[in-house]
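The exercises below are to be worked with the sequence and the structure in view. Each task is followed by a solution in steps.

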Amino acid sequence: MALRVYNTLTGEKEVFVPLTPGKVGMYVCGVTVYDYCHIGHARAGVAFDIIFRYLKYAGYDVTYVRNYTDIDDKIINRANQEGTDYRTIADRYIQAFDEDMDRLGLARPTIEPKATDHIGGIISIIEALVAKGHAYASEGDVYYAVETFPDYLKLSGRNLEEMQAGARVEVGDKKQHPMDFALWKGSKPGEPWWQSPWGNGRPGWHIECSAMSMEFLGKTFDIHGGGKDLVFPHHENEIAQSEAANGCQFVRYWLHNGFVNINAEKMSKSLGNFFTIREVLKTYDPETLRFFILSAHYRSPIDFSDQNLDEAQSGLERMYSCLAALDEILIGEPPSSKISVIETLTQVGLELQEKADQFIPRFVDAMDDDFNAAQALGVLFETVRATNRFLAETREITSVALSLIAHVRHLFVEAGSVLGLFMTPPATWLEGIKSAKTGQIDITPDEIERLIAERAEARAAKNFKRGDEIRDLLLAKGILLLDSAQGTSWNVK
RNA sequence: GGCGCGUUAUCCAAGAGGCUAGGAGCCGGUCUGCAAAACCGUUAACGUCGGUUCGAAUCCGACACGCGCCUCCA
């Protein structure tokens, strides 16, 4: 099966055929750096991170460009509020963005350009558009004349008349047509500016992405991504600018991720229902957040709630616990290359072997189907169950069993490298979850240990009443006791 | 008003004409002094009404409900 991707331009899943065999050029709209990123940004980041990783896994040489919009009204407003300059604001939030995305385990794109480093390229495109009659200067601004581009709105499937009937477009007297959009904005006093043929000013929002993608990926490239909310006007305008300037197709496959919702409503600043990534990471582990995002298809809306995050954590713990159990065996007994011919697997072992054999084909099938990570996770869970069954019934680890265990462990590493999971040694991750939970309870580990010791004495003396009292006492504080042959350990509920 | 998307069991969530998705939970079991945890097993569904078909969650139509874009947005 070949890789198929859903293309917003055609509204269909299409077989992915890159422009140049073996190579992929991919551009994703990054963020406007004027504030901390919220969970919606995390989702877009993770969605395109696994697309980037999977394309590389599939053997493509991928050039992935993700920009920073570091000049914009919002950045200037924020700078004015704080009595500083736009550069200070932009640099601060670029750094914050990098920190957040690094914590989420995003692979760094090949190139991360800033709009302000590409003013020259932006001006060249605007000049070309003016020369070809697609743009006009007006009182220090330059606008794109949408009526000169017959394909305008082909991505979002609308038409100009209907858009105007919507009546929320403002009619500025600087514009020839109400839908015309700014390519260049003349600077007002106190605003940052660059020199241009039309006077001092700064670029409009849409033109920077055309300039940066063209600079690094050429006039036509394979994949352009972003959130669904960018389809109109941002991506529509990018197409108009780029195709009018270059006279050729801009992007072959348009990919858009779905929103993060709160109570079935879009998370957004204007509704005030957003959570920043750093807020959420105070409570939840970054890999848990990533796992939550991967648990739904990237185009579907996903509902952010404590319950859903808790479920994601349970699921990830199940996987990590299984891996920790495998590691314990593998660390104790390194796999030997000699397998005795008389050794055979039990029925459960054979079932695990079958799961292992199907693992990569099924994983690839899922990911080939428009990067269906949720389905891929299903494959991992099925393998976890088969592994647990095998470990539960296996008394003696033969060398053939050991080699199977090593193989299964490797499969999880391989899938994890595409999904961005299992980046932490399992024992360390599980310990981290435990200590994070410990920070939220009002009893010290020392106290817990003292009570466990007292309970052990009571139990040794067959005083189960006192033992159970202690257990209930700790349970009331959210501490679960785990009795085993090796003694009693504890965990936070 | 225009355009588009969605509705799958208690909850989350894949699937897209015949093939057990998966996870959480419930229930049962293993283990245990009893529990818990862990593990194993099990359970159940395709919004409504029509149509196409030997066969429909899946295709077509209507309806209902929810959501998104049309303004800065990931």
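**Exercise 1.** State how many nonpolar, polar and charged residues the surface near RNA strand B has.

*Solution.* The model is predicted. Step 1: sort the residues near RNA strand B by class, which gives 19 nonpolar, 20 polar and 17 charged residues. Step 2: the surroundings of the strand comprise 56 residues, and Glu162, Trp205, Gly227, Leu230 and Asn372 are the closest. Step 3: find the element with the largest share of this surface; helix 12 (residues 373-393) supplies nine residues.

**Exercise 2.** Find which parts of RNA strand B the protein meets, and name polar contacts to a phosphate oxygen and to a base nitrogen.

*Solution.* Step 1: take the atoms of RNA strand B within 4 Å of the protein; 60% of them are sugar or phosphate atoms, and the rest are base atoms. Step 2: for the phosphate, look at Arg389, where a side-chain N or O atom is 3.0 Å from a phosphate oxygen of the strand. Step 3: for the bases, Leu481 places a backbone N or O atom 3.3 Å from a base nitrogen. Asp483 has a polar side-chain atom 3.1 Å from a base nitrogen.

**Exercise 3.** Describe the salt bridge between Lys269 and Asp35, and say where in the chain each residue lies.

*Solution.* Step 1: the structure holds 39 salt bridges. In one of them, the side chains of Lys269 and Asp35 meet at 2.6 Å, N to O. Step 2: Lys269 is in the loop between strand 12 (265-266) and helix 8 (277-283), while Asp35 is in the loop between strand 3 (23-32) and helix 1 (39-57); the two are 234 residues apart. Step 3: Lys269 has a relative accessible area of 29% and is partly exposed. Asp35, at 23%, is also partly exposed.

**Exercise 4.** Set out the salt bridges Arg87–Asp91 and Arg278–Asp100, and say for each partner whether it is buried or partly exposed.

*Solution.* Step 1: Arg87 and Asp91 form a salt bridge of 2.9 Å, N to O. Both belong to helix 3 (residues 86-103) and are four residues apart, about one turn of the helix. Step 2: Arg87 is partly exposed at 21% relative accessibility, and Asp91 is partly exposed at 35%. Step 3: in the pair Arg278 and Asp100, the closest N and O atoms are 3.0 Å apart. Arg278 lies in helix 8 and Asp100 in helix 3, so this pair ties together parts 178 residues apart in sequence. Step 4: Arg278 is partly exposed at 24%, whereas Asp100 is buried, with a relative accessible area of 2%.

How values were computed. Residues are numbered from 1 along each chain as its sequence is written. Chains are lettered from A and ligands numbered from 1 in the order in which they are written. This is a predicted model: local features need pLDDT of at least 70, side-chain atom pairs count only at pLDDT 80 or more; totals for chains, interfaces and linings use all residues. Side-chain values use heavy atoms; hydrogens and water are left out. A residue is near a molecule or strand if one of its heavy atoms lies within 4 Å of it. A polar contact is a pair of N or O atoms within 3.5 Å; within protein, one must be able to donate a hydrogen and the other to accept it, and residues adjacent in sequence count only if both atoms are side-chain atoms. Ala, Val, Leu, Ile, Met, Phe, Trp, Tyr, Cys and Pro count as nonpolar, Asp, Glu, Lys and Arg as charged, and the others, Gly among them, as polar. A salt bridge is a side-chain nitrogen of Lys or Arg within 4 Å of a carboxyl oxygen of Asp or Glu. Buried means under 20% relative accessible area, exposed over 50%, partly exposed in between (1.4 Å probe, protein chains only).
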